[in-house]
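User: I'm new to this model and would like to know why its parts are described as they are. Could you take me through it?

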Amino acid sequence: KDWDKIAAWISDNLPQKIVKTASAVWVDLNRALFGFVRAQLILISITTVLVIIGLFLLRLPYALTMGLLIGLVDLLPYLGISIVFVPWIIYVFMEGNITFGIGLAVLYAIVMIARHLSEPKVYSSSLGLYPLVTLISLFVGLKLFGFIGLLIGPTLVIIGLSFHRAGVFRDIRNYIRYGSVDRGEG
């Protein structure tokens, strides 16, 4: 409710350079957040379409409904469709329906491969990162922080890029080197 008052107070009481830089970082981070949501929706759509097609090919009754429900489950971070497919495949094999079980396993593998192949490209185009940078941030985040690192890694890269684009690192370097953020811009 008081956001406008707080923003006006900050604008009036901080140096204009800091306000301008903070505003640029804020805009960039908002763009990245919406880019992340967009990327998630694209990936979930890819998964849903592939699952629906696969279930139709397997001649499963209610394939469209099942595919849409599995697409919704894909919203769960890290678990995604595995939470549905793995127990389902195990159950079908235990019931003795080997052909359908193999079909489900192949569908699951195709969906997972397609998702993992498209993930870096979708994230990079939606977040404004190069695919290699996205992959490295995902890998480093995973190694340093575990599963939560898959979010932390790209987030830190996005924050770092936002600071870079806004000139925060340049200003810090200039302040350390010259005692002022206005020197050494050439």
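**A pocket and three helix pairs**

Analyst: Helix 2 gives the most to the lining of the second largest pocket, with five residues. This is a predicted model, where local features need pLDDT of at least 70 and side-chain atom pairs pLDDT 80 or more, while totals for chains, interfaces and linings use all residues. Residues are numbered from 1 along each chain as its sequence is written, and side-chain values use heavy atoms, without hydrogens and water.

User: Which residues line the second largest pocket, and which elements give two or more of them?

Analyst: The lining consists of Trp3, Ala7, Ile10, Ser11, Leu14, Ile18, Val19, Ala22, Ser23 and Trp26. Helix 1 (3-13) and helix 2 (16-57) each give two or more residues; helices are DSSP runs of H or I with at least four residues, numbered from the N terminus. The volume of this pocket is about 260 Å³.

User: What makes a residue part of the lining of a pocket?

Analyst: It has an atom within 4 Å of a point of the pocket, an open set on a 1 Å grid over the protein atoms alone where a 1.4 Å probe fits, with protein on both sides within 12 Å along at least five of seven lines.

User: Why are helix 4 and helix 5 called roughly antiparallel?

Analyst: The axes of helix 4 (residues 82-94) and helix 5 (residues 98-127) cross at roughly 160° and come within 8 Å. Angles over 145 degrees count as roughly antiparallel, so this pair earns the name. Their crossing is left-handed. Among the residues that meet are Phe85, Trp88 and Ile89 in helix 4 and Leu104, Tyr108 and Met112 in helix 5. This contact has 14 nonpolar, two polar and no charged residues.

User: How do you know whether helix 2 and helix 3 are roughly parallel or roughly antiparallel?

Analyst: Helix 2 and helix 3 (residues 63-73) pack at about 150°, with axes 8 Å apart. They are therefore roughly antiparallel, and their crossing is right-handed. In helix 2, Ile44, Thr48, Val51, Ile52, Leu55 and Phe56 take part in the contact, meeting residues of helix 3 including Leu64, Met66 and Leu68.

User: Why are helix 6 and helix 7 called oblique?

Analyst: The axes of helix 6 (residues 131-145) and helix 7 (residues 149-166) cross at roughly 130° and come within 7 Å. Oblique covers angles that are not under 35, over 145 or 65 to 115 degrees, so these helices are oblique to each other. Their crossing is right-handed.

Definitions and conventions. Axes are lines fitted to C-alpha atoms, for helices over the stretch in contact, and angles run from 0 to 180 degrees between N-to-C directions. A crossing is left-handed if the near helix is turned anticlockwise from the far one by less than a right angle, and right-handed if clockwise. Contact means heavy atoms within 4.5 Å. Ala, Val, Leu, Ile, Met, Phe, Trp, Tyr, Cys and Pro count as nonpolar, Asp, Glu, Lys and Arg as charged, and the others, Gly among them, as polar. Grid points are joined across faces, edges and corners, and a volume is the space filled by probe spheres set on the points.
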